[in-house]
Structures are given as structure tokens and as C-alpha cells.
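Open the structure in your viewer and keep the sequence beside it. This tour moves from the whole chain to single residues.

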Amino acid sequence: MTEHAVVVAGGGPTGMMLAAELALAKVDVVVVERRPNHVLAGSRAGGFHSRTIEVLDQRGVADRFLAEGQVAQVATFATTVLDMSDFPTRHPYSLGIWQNQIERIMAAWITELPVRIDYGREVTGFAQDDTGVEVELSDGQSLRAKYLVGCDGGRSVIRKAAGIEFPGWDPSRSNLIAEVEMSEEPELGIRRDDKGIHALGRVEYEVRDGEVVYADAGPIRVMLTEPNLGPTSEPTLRDLSEALIAVYGTDYGVHNPTWISRFTDMTRQAAAYRVGRILLAGDSAHVHYPAGGQGLSLGVQDAVNLGWKLGQVVNGTSPAGLLDTYQDERHPVAARALQYTMAQTALQRPDERTQALVDVVSELVSMDEPRKRLAGIISGLDIHYDLGEGHPLLGRRMPDLDLVTADGPLRVFELLHDARPVLLDLGEPGGFDVTPWADRVQLIEAEYVGPWELPVLGAVTAPTAVVIRPDGYVAWVGEGTDLGLAEALTTRFGPPTAA
């Protein structure tokens with residue numbers, strides 16, 4: 001039986017990001033993916049929000065995605081675009097990029113680390129004991145691992161086999177989504193009627209001056225609200241044709257579908273993200289209506305939060321209890337995102353009473369304070385992990401400051417490319433001794449003379465030192481002393497090495 005430190009079930013963006021984080025932590029990881037390769041037929045998700053772009057920037061690969069996508073202000077609430085161009089980040093925007101492009105870029109990146117992906121195999125079950133997990137595969141073979149992570153989607157085999165409850169709300173509406181060819185020229189753009197929201201657009205497009213400009217030809221991406229909740233069976237071309245006729249009065253000669261799918265507003269969240277040696281991330285842990293486009297970003301950020309913790313536990317640096325902080329931190333973030341998507345879905349109901357509410361809410365969110373709060377939620381830039389009382393930076397993402405070091409100028413995010421924690425000393429050189437953690441924590445002495453500003457919160461007092469976790473969040477803030485530093489380093493990155 002082949003043995004690995006970690007088996008990741010599912011090779012989508014969440015699974016690949018987690019594998020990348022584990023590879024950076026020097027952990028033996030294998031991804032098991034049921035598809036024959038990384039090529040995705042069609043494009044479900046359509047991009048990233050700001051904090052996820054920052055996460056990719058922290059690993060030095062954001063430019064690969066930016067080169068193929070379209071940056072734009074697309075975060076919305078009710079009918080109002082939440083312009084975040086004034087947010088203090090290098091990426092004050094969302095990135096429009098189809099999921100098939102995302103997966104291709106990610107697959108190329110993780111082969112450089114390297115990460116092994118077993119295509120054409122699927123995890124069908126497992127049995128865990130005190131020392132590991134025996135993972136059963138669809139081809140009759142099995143793998144042995146210390147940990148198994150389910151990144152296998154909303155119908156997760158891993159979650160179900162682990163007996164993890166998935167409470168939430170049943171679907172009340174459904175949508176068809178597809179990529180097809182049409183014989184006639186369709187009505188491109190968004191349409192709202194008494195059935196709901198519908199949209200037709202070419203797969204190829206670009207954003208010019210904030211406006212979407214479609215290509216003159218090519219496949220059509222279709223999104224339709226169904227008049228009644230659709231069945232759980234896979235939709236057909238006939239279903240799509242009938243839905244188009246119901247909305248547009250014609251099916252535009254629809255033919256040759258690349259793919260057709262149905263999604264609903266079912267909203268659920270796993271009661272536990274960890275049961276022993278089994279963990280969940282991405283859609284395996286939470287599903288929701290795609291209003292706001294947060295799903296893919298949530299999964300990638302789950303992976304980055306879990307990756308360094310799981311790496312330290314596997315490597316023996318930290319006790320297994322560190323893994324409990326994964327749920328402590330990520331469960332509330334997803335719960336709030338689910339609340340947002342349910343609110344957004346409620347505002348999309350096609351009736352006059354709801355429209356009155358939409359008008360009022362739209363007026364409110366055009367004001368500065370509500371705009372910033374909601375844009376902070378959607379973008380992920382306002383995430384605050386509860387690491388105790390202290391400086392406003394504690395538990396929040398570290399700004400990507402322009403530093404001056406003895407080796408020349410550096411951005412903070414450049415310090416995180418290898419996913420190692422950093423003690424950033426901004427005071428007098430020689431003020432901190434991290435020798436007992438030198439094998440794990442980088443000590444960087446630098447100067448910074450600019451402003452300190454956080455999204456939503458605004459200006460904060462400049463610290464003299466910070467400890468930055470591998471996922472870019474601040475684990476300790478120094479305000480003139482090293483009070484609490486040793487405790488923070490021990491809690492997050494393991495006990496000191498004996499002299």
C-alpha cells in the first residue's frame with residue numbers, strides 16, 4: 001500500500017491550492033482527482049475577489065492570473081456596484097477569469113513545486129485509526145495517509161462518510177447555466193422579469209472603462225432562472241431550450257452544448273470541519289447560491305488557512321490541536337458569507353414588494369460606510385480572526401507595505417512566497433532574538449515610514465514589530481516591547497528548540 005503524509009480528495013482550485021501550501025511546507029501530498037486531466041469542460045466560477053488575489057500575490061503567482069483575466073469593480077449588493085477602488089490594497093478590484101483558466105494556471109504552478117496529482121481516480125471511502133487513514137479508491141486500490149482532506153465538492157463523499165452533519169436551508173429556486181452555440185444572434189446582457197434574473201453573454205469578453213464588451217462571435221454563456229424549482233436530475237438541451245423560450249420567446253437555435261448544469265440557492269455549512277484525521281475545505285464544507293461570486297475565493301482561502309497548520313502538524317512542529325483553530329477561524333467567515341448570499345438572493349425575488357426593498361437598500365449601500373462594510377465582506381479584506389485582545393492588526397491581514405531593508409526594497413508579500421512565518425522588526429535593529437525558532441521563523445529587520453491603513457477600519461497606530469503567519473495574517477503585534485512574543489511563537493509555530 002502506497003503511503004503519503006496527506007491525501008487531498010478533489011483537484012479543483014481548493015484542492016490544488018491546499019496541495020501547493022503543503023508542498024511549500026515540505027509535506028508529501030497527493031491529490032486524487034476523478035477527471036482524466038485538469039482540463040475543465042466549461043467554466044462554472046468566474047473569478048476571484050481582492051483578498052484571494054492578495055493570497056496568490058503572497059505566493060508570487062498573482063501575475064499569472066492577472067495576465068489572463070479582466071480586473072473590474074463587480075462586487076454588488078442589491079443593484080449597487082460596491083466600488084472599492086479606494087481600498088488600501090494593491091488589488092482594489094475583482095478579477096474576472098473563468099474557472100477553466102484558473103485550473104489550468106494552478107495545475108501548471110503546482111507541477112513546479114512539485115505536487116503529484118492522480119487523475120482518473122476517486123476516493124470512495126476511508127477508515128481512520130490512531131495513526132492514520134486508509135483511503136479507498138475507485139480502481140480498487142488504496143492509499144495510506146496521516147490525514148485526508150475532502151475538497152470533493154458540495155456532494156462530498158468524504159463529508160458523508162465521516163458522518164459530518166450538513167445543516168442549512170433546502171433550495172427554493174434553481175437556475176440553468178450552460179455554454180452553447182446559437183444559430184441566431186441572442187439578446188446579450190442581463191434581463192430581469194417576474195421569473196427572476198437571466199443573462200446571455202459570449203464566453204469571450206473584455207472590460208473597457210468598467211463596461212463589459214463581448215466578442216463578435218463565439219460560444220454563448222447562458223444563465224436562466226427557472227420558473228419552478230428544477231429536479232435534481234441533470235438538465236438536458238431540451239430543458240434549456242424550453243427555459244429560453246419561456247424567457248425570451250425563442251431559443252435562438254440553441255445547439256452543440258459544451259456543458260449544461262443546474263444550481264440552486266441551497267445553503268448549508270458543515271457542522272464540523274475536522275473529525276479526527278479527516279478535514280473539509282471549500283464546497284465540501286459550505287455551499288450557497290453564487291450571488292456575489294464568493295465560492296471559489298472562500299475555498300482558496302480555506303486552503304491557505306489550513307495548509308500551514310496541517311504542514312506543521314504533519315512535520316511534528318506543532319501538536320494536532322493546532323488543527324482545531326482551522327474551524328475556529330474559517331467557520332465564522334463562511335457563515336457570514338452564507339448570510340450575505342442569502343440576503344442577496346432574497347433581494348433578487350421578482351416582485352414589487354421586494355423591488356421596494358431593493359430601492360431602499362441600494363440607496364443605503366451607495367453611502368460610504370455601508371459600501372465599505374459590504375465591500376469588505378465580499379472582498380475578504382475585512383476578515384478578522386479572533387486571536388485575543390490587542391492592536392487592531394491582530395488577527396487581520398498584513399498590509400503589503402513597501403519596506404526598506406539592508407538588502408534593498410522589499411514588499412511584505414515577497415517575504416511570504418515560501419509560506420514561512422515572519423517576524424518583521426520595524427524598530428531598532430537587534431531588538432529581538434528568535435534563535436529558538438530560527439528554523440521556522442524568518443527575522444526581517446526593515447524600515448517603513450508610510451501610513452498604516454486597514455480596509456474598512458481605516459488608519460491604525462504604527463506597530464514596532466509584527467509576527468506574520470504564512471497565510472498573511474498577523475499573529476502578534478509589538479508596541480515597543482516583546483511582551484507576549486514567545487507565547488505567540490510557541491502557540492502558532494511550536495515550542496522553542498532547545499539550545
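Start with the whole protein chain: 55% of its 499 residues count as buried (under 20% relative accessible area; exposed is over 50%, partly exposed in between; 1.4 Å probe, protein chains only). This is a predicted model: local features need pLDDT of at least 70, side-chain atom pairs count only at pLDDT 80 or more, and totals for chains, interfaces and linings use all residues. Residues are numbered from 1 along each chain as its sequence is written, and side-chain values use heavy atoms, without hydrogens or water.

Now colour by secondary structure. The protein chain has 11 helices and 31 strands (DSSP runs numbered from the N terminus: helices are H or I, at least four residues; strands are E, at least two). Turn the C-alpha trace: along its principal axes it spans about 75 × 60 × 40 Å.

Next, select Leu113 and Pro114. A cis peptide bond joins them, with omega about -5°. Pro114 sits in the loop between helix H4 (99–111) and strand E8 (116–119).

Move to Tyr252. Find it in the loop between helix H6 (237–248) and strand E19 (254–264). Its phi is near 55°, a positive value in a residue other than glycine. Is Tyr252 buried or exposed? Tyr252 is buried, with a relative accessible area of 8%.

Last, go to Val456. This residue lies in the loop between strand E28 (453–454) and strand E29 (458–459). Phi of Val456 is also positive, near 70°. Val456 is partly exposed, at 28% relative accessible area.
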